[in-house]
Amino acid sequence: MINENRLLNEFIELVSVPCPSKDEKAEAELIMGKLRELGLEPEMDDVHAKTGGTCGNVWAYVKGNVPDAPVLLFEAHMDSVAPTTGTKVVRKDDVLYSDGTTTLGGDDKVGVASILEAVRALQEDGAAHGDVQLLFTVSEEIGCLGVVNLDKSWIKADYGYCMDIGGDLGEITYAAPKLYDIYVTVKGKAAHAGIAPESGVNAIMLAAQALSKLPAYGRIDEETTFNIGLFNAGVGTNIVCPEAKFVIDMRSLNVAKLEALKDSTIALIRETIEAGGGQVEFDVVEGCPAVEMAKDHPCIQLAQHAAEKLGYPVELKTTGGCSDGNYLCGYGLPCALLATGMSNVHTTEEYLKESDLYGTARWIYETIKTAAAK
Ligand SMILES: [Zn+2]
């Protein structure tokens with residue numbers, strides 16, 4: 001049985017510890033201590049050697065008593081977005097807020113606290129369950145660095161559940177986009193703007209021409225988006241601009257569509273820039289792989305059956321956002337995202353209903369039991 005009071009206190013304790021991205025050490029030590037209290041042997045990997053953070057990801061393995069059940073992995077990230085240090089939780093009408101000076105950190109301590117409480121409750125109840133792997137990652141908020149850099153041979157599970165998305169209990173996200181970041185450098189030619197403008201090639205104008213020829217941007221279709229989020233150029237008002245840089249964020253749930261969009265965009269920009277007398281370089285960075293699962297995948301079905309048992313209205317969804325779950329899928333672990341109720345995240349108005357905290361823990365608990373009952 002989930003112990004609501006204990007879970008609430010643990011959530012408050014977890015968000016009260018400073019945990020900015022790249023400096024999750026105090027949080028990681030707190031979590032490892034709690035895992036040891038559960039009789040587990042937590043391990044920390046060494047991703048901080050690559051990320052430059054103060055600690056690695058925290059892993060633990062819960063041995064089950066149903067040997068042939070699928071092994072489930074539950075994942076949540078330890079870092080919170082700024083301003084995060086000094087979080088004081090304010091309870092109002094069964095809703096948790098910060099005091100308005102920091103984020104609440106429900107993103108993603110609702111995941112961390114719910115996972116810990118679900119395992120504790122399974123142990124106390126002597127429930128039948130298979131093996132469960134736990135993963136608490138670092139630096140999710142600055143590009144999923146903990147998951148990007150982990151050693152995938154540490155993953156010992158059949159199905160994964162990323163506890164890091166808002167929405168109502170019962171919402172299961174089975175698809176998330178593949179993402180490309182395309183760094184574009186347009187090169188023109190510098191010249192004095194007043195004395196010899198005709199001998200220059202203006203990189204800003206070339207970039208503008210190329211961007212104005214894009215057939216679409218923003219939402220391309222229901223599964224594809226396209227954004228120019230950064231544009232930097234110029235050295236002085238009296239200089240014909242020699243170089244302009246911009247970055248395209250494109251993503252799609254449909255990987256073939258994304259590849260075609262990438263190729264056509266690069267071709268269009270190159271053609272326009274070169275026709276205008278400039279040169280262009282592209283650096284294509286694969287942001288994250290896609291989450292792609294059939295709606296009847298066993299990973300989805302387990303969470304769905306558990307939600308139905310709990311009376312949560314099930315809804316199978318897609319998202320345009322990327323998370324640790326994308327990378328876990330990329331490593332070959334089918335991974336769904338289960339809604340936790342976290343709301344207004346990444347703002348000081350972030351909040352979490354207490355009922356969603358308790359309900360998330362119950363969903364994890366029930367999913368683990370469902371996997372063992374199969
Ligand atoms: Zn998050």
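**Close-up views of the predicted model**

**View 1. Glu259, at 24% relative accessibility, counts as partly exposed.** The structure shown in this and the following views is a predicted model. The side chain of Glu259 meets that of Lys178 in a salt bridge, with an N to O distance of 3.2 Å. Because Glu259 belongs to helix H7 (residues 255-275) and Lys178 to strand E9 (residues 178-187), the pair ties together parts that are 81 residues apart in sequence. Lys178, with a relative accessible area of 10%, is buried, whereas the 24% of Glu259 makes this residue partly exposed.

**View 2. A zinc ion is coordinated by His77, Asp107 and Asp164.** His77 contributes its NE2 atom and Asp107 an OD atom, while Asp164 is listed with two OD entries, and the distances run from 1.9 to 2.7 Å. The angles among the 4 donor atoms span 52 to 144°, and the site is classed as irregular. Along the chain, the donors follow the spacing H-x29-D-x56-D. Asp107, in helix H4 (residues 106-125), and Asp164, in the loop between strand E7 (159-162) and strand E8 (171-176), are 57 residues apart, and the pair thereby links distant parts of the chain. Asp107 has a relative accessibility of 6% and therefore counts as buried, and Asp164, at 10%, counts as buried as well.

**View 3. Glu10 and Arg120 are joined by a salt bridge between their side chains.** The N to O distance in this salt bridge is 2.9 Å. Since Glu10 lies in helix H1 (residues 4-16) and Arg120 in helix H4, the pair ties together parts that are 110 residues apart in sequence. Glu10 and Arg120 are buried. They also take part in a network of salt bridges that links them with Arg6, Glu13, Lys34, Glu117 and Glu124. In the whole structure, a search finds 20 salt bridges.

**View 4. A salt bridge connects Lys317 with Glu171.** The closest N and O atoms of Lys317 and Glu171 are 3.4 Å apart. Because Lys317 is part of strand E15 (residues 315-318) and Glu171 is part of strand E8, the pair ties together parts that are 146 residues apart in sequence. Lys317 counts as partly exposed at 29% relative accessibility, whereas Glu171, at 11%, counts as buried.

**View 5. The largest nonpolar core has 88 residues.** The residues with the most contacts inside this core are Phe11, Leu35, Phe74, Leu134, Phe136, Tyr161 and Leu357. Its largest share, 9 residues, comes from helix H4. The core draws at least three residues from domain 1 (4-176 + 290-373) and at least three from domain 2 (178-288).

**View 6. Leu35 is shown with the residues it touches, and a separate nonpolar core is shown beside this view.** When residues up to four places away in sequence are not counted, Leu35 touches Leu40, Pro42, Val58, Ala60, Leu116, Leu134 and Phe136. A second core of 23 residues, separate from the largest one, includes Ile182, Ala203, Ala244 and Met250.

How values were computed:
Residues numbered from 1 in each chain as written. Predicted model: local features only at pLDDT ≥ 70, side-chain atom pairs only at ≥ 80, totals over all residues. Heavy atoms only, no water. Donors = N, O, S within 2.8 Å, 3.2 Å for Na, K, Ca; no water. Tetrahedral: all angles 85-135°; square planar, octahedral: opposite > 155°, others 65-115°. Helix = DSSP H or I, 4+ residues; strand = E, 2+ residues; numbered from the N terminus. Buried < 20%, exposed > 50% of the residue type's maximum accessible area, 1.4 Å probe, protein only. Salt bridge = Lys/Arg side-chain N within 4 Å of Asp/Glu carboxyl O. Core = buried A, V, L, I, M, F, W, Y, C linked by side-chain atoms within 4.5 Å. Domains from an automatic or database assignment. Contact = heavy atoms within 4.5 Å.
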